[in-house]
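The following exercises concern a two-part analysis: strand pairing and a domain interface. Each task is followed by a worked solution.

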Amino acid sequence: MQAIVLVGGFGTRLRPLTDTVPKPVLPVGQVPMIVRLVGQLERGGVDQVTLALGFKPEHFNSVFPDQRCGDVAVQYAVEPEPLDTGGAIRFAADVAGIDETFVVANGDVLTDLDLGALVGFHRRSGAEATLHLTPVDDPSVYGVVDADESGRVRRFVEKPTPGTEPCDLVNAGTYVFEPRMLERLPSGVRTSVERQTFPAVVADGALYAMATDDYWIDIGRPDAYLRANLDMLSATSPLSRAEAVDPAARLDQTVTVAHSVIGADVTVGAGTRISGSVLLPGAIVGEQAIIEDSIVMGRIGDGAHVCRVVVGQRGEVAAAARLDGVRVPAPEATEP
Ligand code: GTP
């Protein structure tokens, strides 16, 4: 089965991390997000993946230099300009020559969904397209999906007023499509599959949805990206567990690390304390620093104390600085 994975977004909410690395190439639990995602698709029966790309495509070549991921063939469909989700699916489907039932996945979703079960549900219902749904704690900040008992979607309700939500189920970003869905996506035209195409399929009674309570996280915001990394440390993680400290990291023996992920090529000086944080490959931390609940790709000076901070590859926190809840460099100062 073929799959299209949408990985062409700018990832603005994850800046400044995404100033230099596209979101799906960022590691989650020491492994690039896209590698985890393709592995998940492979377990569900996918053997050919087309990456719908635009932003910083060269980074994906270095993740898949031989255009393979396990037993999955990986090819690239690089859009000449961003076509939004719907236009990107059509562009990638044309490149891949898709003419059978196929899977579409958002490149920023980590889940242990049984994809085979979603495909089976899709085939039994005779749907034109089927969405995976997941429950969320606060549906009022999402668009919820209201479906009948057979799974047929009745309507989308955008950001329902608290207390009036018909359910707590939202679009989880994995879909099964019949090839005739492509006729709804005009070639070369910016189209949102979520906002424009799905409502039209609902009007025709041909959109279905299947809810599961599997592990699910959208890594699009820094807090979620941090949580996804730390979830991989848990012995009960449904996804493959991560090493807390990569063997290629260089940590002084007096460094203390609590509930954190430290990547390859990270350097940390004497006496530094790290908790609830992710240090991405290449990060450099001085001596006697304190790093709490933060994501660090760049440099932290000696004696600095950072809490809930996101430091991009070009970011530098000065020695002895005290920072709480900021991004370095500030996103407005950076280029997309
Ligand atoms: P933000 O800028 O932080 O909202 O992130 P994003 O750009 O990734 O947008 P969003 O999370 O809403 O996108 C959902 C999925 O669609 C992600 O996997 C994106 O990579 C992908 N995506 C969004 N726009 C495009 C596009 O124009 N082309 C392609 N190929 N993918 C896209």
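Two strands pair if DSSP finds at least two bridges between them; strands are DSSP runs of E with at least two residues, numbered from the N terminus. This is a predicted model, in which local features need pLDDT of at least 70 and side-chain atom pairs count only at pLDDT 80 or more, while totals for chains, interfaces and linings use all residues. Residues are numbered from 1 along each chain as its sequence is written, and side-chain values use heavy atoms, without hydrogens and water.

**Exercise 1.** Determine in which sense β20 and β23 pair, and place both strands in their sheet.

*Solution.* Step 1: β20 (residues 278-279) and β23 (residues 295-296) are joined by 2 bridges in the parallel sense. Step 2: Leu279 has Val296 of β23 as its bridge partner. Step 3: the open sheet comprises 5 strands with parallel pairing, in the order β17-β20-β23-β26-β29. Step 4: β17 (261-262) and β29 (327-328) are the edge strands; each has a single partner strand, so one side of each lacks a neighbour in the sheet.

**Exercise 2.** Characterise the interface of domain 1 and domain 2.

*Solution.* Step 1: the domain assignment, automatic or from a database, gives domain 1 (2-221) and domain 2 (250-333). Step 2: contact (heavy atoms within 4.5 Å) links 11 residues of domain 1 with 17 residues of domain 2. Step 3: the buried area (accessible area, 1.4 Å probe, lost by two parts on being put together, summed over both) is about 1,000 Å², with 65% from carbon and sulfur atoms. Step 4: in domain 1, Pro16, Leu17 and Thr20 lose the most area to domain 2, together 48% of what that side buries.

Terms used. Helices (H or I, at least four residues) and strands (E, at least two) are DSSP runs, numbered from the N terminus.
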